[in-house]
Amino acid sequence: MSWGNLIRLVALLTLLALLLWPDAFSGAFGLLTTNGQPAIYNQGNLLDITLSHLGIVAVATLGATIIAVGLAIIVTRPFGAEFLPVSRSLANIGQTFPPVAVLALAVPMLGFGTAPTLVALFLYGLLPIFENTLTGLTGLPPAVVEAARGMGMSGWQRLLRVELPIALPVILAGIRLSVVISLATATIGSTVAARTLGEVIIAGLLSNNTAFVLQGGLIVGVLAVLIYDGLSALERSLLARTGQTRA
Amino acid sequence: MIEIDDVSRLYDGRAVVDQVTLTIQPRTVCVIVGTSGSGKTTLLRMINKLVNPSSGSLRIDGEDIAGIPAYELRRRIGYAIQGHGLFPHRTVAQNIATVPGLLGWDRAKTRARVDELLELFQLDPASFRDRLPHQLSGGEQQRVGVARALAAKPNILLMDEPYGALDPVIRAKAQADLLSIQRKLGTTIVLVTHDMEEAIHLGDTIAVMAHGKLLQSAPPAEIIARPANDFIADLVGSSERPFRLLSLSRVGDHIEPGTASGAPIATTASLRDAYAELLWSARTALPVTRDGEIVGQVTLAALARLAARPQ
């Protein structure tokens, strides 16, 4: 096993241990507390909060993937080419809008809770996936596309059997970026009462408890690194399978 | 039979293919030669409707292709291109099985056909079937590309500079293989190239194009002996003419009685090879062998006569 994989394994096991048996870490986190503050977050189960955090990110990313890939497919077809600039600017607006502002605007419409957070993360996740899908679908080897047409594949057959499979590693890279951004951004959702790891961090900030802040931050950080690594490995294996090298 | 009848293709008012009329006989190889921008590729791509003509009509075995849906027509016509265009995420067998898959062949029939083609192209099915394109050499990729084009037993095979990316040694082998496969299967081949040498070697008919116009369409010997204009004469190359003429005939067709000495030459060799051997070994005649037996000789004097401009 390489050093990199060893470190990943240790990080994963430590994370699981912290989530399953948080009290075992009270000694270590206790060093950061003052005046007899609790060392481990005590207003909810860390595992439940983490699963809820991951669930919100997963749903938002899934939605963003479906819409962004769908849009990119439409604007790369002959009939949708004229919508390319429009859809690009739409996705760009999603990215330039600060997530806090989306939350603030969404709360009056959707109320407090998970919904406004999902909307913010969804909008935030669109652009990287859209851009990468466009890159993947427009950068296909011309000879391959030509061969697919010349052999009599219909538009759908070319898309499903040739274009999407070859573009998949690039699309996956977009999803990876989107997931990592969402994992971090989801913490803000706690300001509008979504159940994410942000509530651990916020509780720590409010009570001046560094141990809470660190717990929340560490869990989010390690999750992001592990998921990023896992998706990168998947991309590499897909690229290797098709004999492509990372561009 | 492919009949191209007064076909033009305009882009922005400019004719890329300009009123071309050309008939390609069944079971022959027609090579379209031209410089880049001559419209040769556009003309080829009109045969399988990758490009639609602005005017004129194309018929295959008497049937106007305007009335055939493009995808259906393309599944009936083999198509091999420069840079092979193999699907990088699919194995050799899956690549070859593309058109049979589109036509809904059953699994056993497809598999048998894939193995048959791999063997035809001298690729051992057991070791090549499950490889991915990037695990093959350039020559192997090219052969798989042609095998894929022939998978559904098309009567017509279109080839767009198929050997452009190959080095000279592998190209010569690929050309020889193509000719023997063409004779075996009787496929009508339309091949586009910028290389007159390749055209003379492969073509039963050579069609020369420039600026969208068809300048001359004739058998190679005719193109060499009587080029329609200076442009074609330049393409053939005046210093190359006699040797190209010799390259068209086989030693076996010009055997004279007599016994020469020294290393023999096979009946299947071209006269050009024989001529080179005569000059190189400083002899005036070579013994000719057929199946290992001396059947006569080929002489320098005869070759010199054959290399002269036909009257």
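Here a trainee and a mentor talk through how some labels on this predicted model are earned.

Mentor: Ground rules: residues count from 1 along each chain as its sequence is written, while chains are lettered from A and ligands numbered from 1 in the order written. In this predicted model, local features need pLDDT of at least 70 and side-chain atom pairs count only at pLDDT 80 or more, though totals for chains, interfaces and linings use all residues.

Trainee: Why is Val236(B) called buried?

Mentor: A residue is buried if 20 or more other C-beta atoms, placed from the backbone, lie within 10 Å of its own, exposed if 12 or fewer, and partly exposed in between. Val236(B) has 23, so buried it is.

Trainee: Which residues is Val236(B) in contact with, leaving aside neighbours within four places in sequence?

Mentor: Met196(B), Ile223(B), Ile224(B), Pro227(B), Arg241(B) and Arg244(B). Contact means C-beta atoms, placed from the backbone, within 7 Å.

Trainee: What makes chain B as compact as a globular protein of its length?

Mentor: Chain B comes to 14 helices and 13 strands (DSSP runs numbered from the N terminus: H or I, at least four residues, for helices; E, at least two, for strands). Its radius of gyration is 21 Å, close to the 19 Å from the globule rule for 311 residues, so the label fits. The radius is taken over C-alpha atoms, and the rule is 2.2 Å times the number of residues to the power 0.38.

Trainee: How much of chain B is buried?

Mentor: Buried residues make up 41% of the 311.

Notes:
Two residues are in contact if their C-beta atoms, placed from the backbone, lie within 7 Å.
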